[in-house]
2 protein chains.
Amino acid sequence: MYKIGVFDSGVGGLTVLKEIEALLPNSHIIYFADNVNSPYGDKTGDEITKLCIRIAYFLTMRNVDAIVIACNTATAAAFETLKKKFNVPIIGVIEPGVRTALKASKNGDISVIGTLATMNLNAYKKTFFALAGEKIKITQRGCKLLCPMIENGWIDKYTSYFTDEILRLYLEGISENSDTLILGCTHYPLIKDDIRKFFTKTIIDPAHETALELLHSLKNTEPKNKNIKPLVQFIVSGEINNFRKIAEKFLKRDISNIIKMDISY
Amino acid sequence: MYKIGVFDSGVGGLTVLKEIEALLPNSHIIYFADNVNSPYGDKTGDEITKLCIRIAYFLTMRNVDAIVIACNTATAAAFETLKKKFNVPIIGVIEPGVRTALKASKNGDISVIGTLATMNLNAYKKTFFALAGEKIKITQRGCKLLCPMIENGWIDKYTSYFTDEILRLYLEGISENSDTLILGCTHYPLIKDDIRKFFTKTIIDPAHETALELLHSLKNTEPKNKNIKPLVQFIVSGEINNFRKIAEKFLKRDISNIIKMDISY
């Protein structure tokens, strides 16, 4: 049985966790939500990388078999650094999303929405270029508010008055040319139904493909830990209540074992 | 001493009230906030006109000397109707704003922001055309969220993270050509400092000019009421607490005399 570390700036990584639970149902998963430092999207690449190294260190100290960076901004900023620094498989969310989009798009015109940091770090453009050369047209849109809105629990009827108009502003005109939209932030699948109102073509949520990549990377690996239980241990660095509320709603189950931990030592 | 009726869909008209208090300090003012029907900006012209007739009837029953429509959307929808139906001076906010903007603009390129209804009713374009012909270039932008944001009290530090980004989206590129921006909703002066971050040229708040027009219209009028006290009576159709909080902050004084009244009989 594998012990897997999954982390995000908050609730976004839950969309990836759900897919991992489906593909590796008997795993022992440590889900770390760095919500005291949310949103990552407003920070610099260096700031984000420092936070990610700290979390990866925290997870490897717990002897995980693999680490999933269930956050696009963290993947954009720190994927290469973590791969060099830590001796376990590191799975990011950007390459899986790009691969899925390349399979899905018919006209080669793909849009990506994500945080400002993810867009500024140009990770999507670089990955598309690496996997498909220059034949793909990429439109990147930084959506500063979406991640904080979701972290603050704006996923109900009352707040959809605001969410809808903000999505309209961010997505205006995007479907004129693009036939495929990548949700380039793991938070966005939580409001996929709202996004669907403003983009009616193919929407890519990289979560499933990310979980597949994790499965693949563990294929020839011997589990490091014996006698561990299948469970998901939730650890947050900031507030618990909002996290629990959104997590219970999204995962459709009660979650009682959330621990708050300050790892900034 | 004059008895003046002032109304708005909520707290926006307070920006006009403040100017009336400054110019007519000894008046008896009835301020009616129709916040149970807020936002007006999402309604049709007919719906808004019906609400306005009901309020004007309520105010004239109280023997006011004049009615100030301290709301752009209500002015755009119902100004002409109220002038025909009621036998007191009716003051709107659109013409004063247009006149001020015409004086202020040097390049004749003027932008207006307001609710969707105000923009759809084209009242600004019509008034500019009536006062200055076709020589003025008008850019109209409907800002669906600003009025509800302000009604919900998004005027503090915490919420300015959201307010700033939403303003950026609405005001993007507007200052490239326009040298003058009309705050075409009486709510917007409440977040003028935030708006200033995204439009650094001339910003027109029609409130002062509206109060001047009221003063002018009362010049040759004998007051209808004897022995009335100078005071401001606040009446809301919906919730009191949020209204009081914003009103006290904006008017910089305690307000204890807010009455809730259902006038939908």
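Leaving aside neighbours within four places in sequence, A:Glu209 is in contact with A:Pro96, A:Arg99, A:Thr100 and A:Lys103 in the predicted model. A:Glu209 lies in helix α10 of chain A, which spans residues 207–218. Its relative accessibility is 16%, so A:Glu209 counts as buried, the cut-off being under 20%. Another glutamate of helix α10, A:Glu213, takes part in a network with A:Glu95 and A:Arg99, joined by salt bridges that share partners. A:Arg99 thus appears both among the contacts of A:Glu209 and in this network.

The overall form of chain A was examined next. The secondary structure of chain A comprises 11 helices and 10 strands. Along the principal axes, the C-alpha atoms of chain A occupy a box of roughly 55 × 45 × 35 Å. The radius of gyration of chain A is 17 Å, which agrees with the value near 18 Å that a compact globule of 265 residues would have. Of the 265 residues in chain A, 59% are buried. When contacts in chain A are restricted to residues at least 6 apart in sequence, 76% of them join residues at least 24 apart.

Salt bridges were then considered. Side chains of opposite charge can pair when their charged atoms come close. Over all chains, the structure holds 20 salt bridges. In one of these, A:Asp42 is paired with A:Lys144, and the closest N and O atoms are 3.6 Å apart. This pair links distant parts of the chain, with the two positions 102 residues apart in sequence numbering. A:Asp42 is placed in the loop between β2 (28–33) and α2 (45–61) of chain A, whereas A:Lys144 is placed in the loop between β6 (137–142) and α7 (146–151) of chain A. A:Asp42 counts as partly exposed because its relative accessibility is 34%. A:Lys144 has a relative accessibility of 21% and therefore also counts as partly exposed.

In chain B, a salt bridge is formed by B:Arg99 and B:Glu213, with the closest N and O atoms 2.6 Å apart. This pair, too, links distant parts of the chain: B:Arg99 belongs to helix α4 (residues 94–104) of chain B and B:Glu213 to helix α10 (residues 207–218) of chain B, and the two residues are 114 residues apart. With a relative accessibility of 26%, B:Arg99 counts as partly exposed.

A further salt bridge of chain B joins B:Arg168 to B:Glu165, the closest N and O atoms being 2.9 Å apart. Both residues are in helix α8 of chain B, and because they are 3 residues apart they are separated by about one helical turn. The two partners fall into separate accessibility classes: B:Arg168 is partly exposed, with a relative accessible area of 28%, whereas B:Glu165 counts as buried at 5% relative accessibility.

The surroundings of B:Phe32 were also described. B:Phe32 is located in strand β2 (residues 28–33) of chain B. The relative accessible area of B:Phe32 is 0%, so the residue is buried. Apart from neighbours within four places in sequence, B:Phe32 is in contact with B:Val6, B:Phe7, B:Asp8, B:Ile55, B:Phe58, B:Ile235, B:Ser237 and B:Ile263. B:Phe32 and B:Met261 are 229 residues apart along the chain, and their C-alpha atoms are separated by 9.5 Å.

The interface between the two chains was treated last. In it, 15 residues of chain B are in contact with 15 residues of chain A. The two chains bury about 1,400 Å² between them, and 71% of this area is on carbon and sulfur atoms. The count of salt bridges between chain B and chain A is 0. Polar contact is found across the interface for 4 residue pairs, both residues being at pLDDT 80 or more. On the side of chain B that touches chain A, α7 (146–151) and α8 (157–171) of chain B each supply at least two residues. The largest share of that side, 7 residues, is contributed by α8(B). By residue class, the side of chain B that touches chain A consists of 11 nonpolar, 1 polar and 3 charged residues.

Note on methods. Residues are numbered from 1 along each chain as its sequence is written. Chains are lettered from A and ligands numbered from 1 in the order in which they are written. This is a predicted model: local features need pLDDT of at least 70, side-chain atom pairs count only at pLDDT 80 or more; totals for chains, interfaces and linings use all residues. Side-chain values use heavy atoms; hydrogens and water are left out. Contact means heavy atoms within 4.5 Å. Buried area is the accessible area (1.4 Å probe) that two parts lose on being put together, summed over both. A salt bridge is a side-chain nitrogen of Lys or Arg within 4 Å of a carboxyl oxygen of Asp or Glu. A polar contact is a pair of N or O atoms within 3.5 Å; within protein, one must be able to donate a hydrogen and the other to accept it, and residues adjacent in sequence count only if both atoms are side-chain atoms. Helices (H or I, at least four residues) and strands (E, at least two) are DSSP runs, numbered from the N terminus. Ala, Val, Leu, Ile, Met, Phe, Trp, Tyr, Cys and Pro count as nonpolar, Asp, Glu, Lys and Arg as charged, and the others, Gly among them, as polar. The radius of gyration is taken over C-alpha atoms; the globule rule is 2.2 Å times the number of residues to the power 0.38. Buried means under 20% relative accessible area, exposed over 50%, partly exposed in between (1.4 Å probe, protein chains only).
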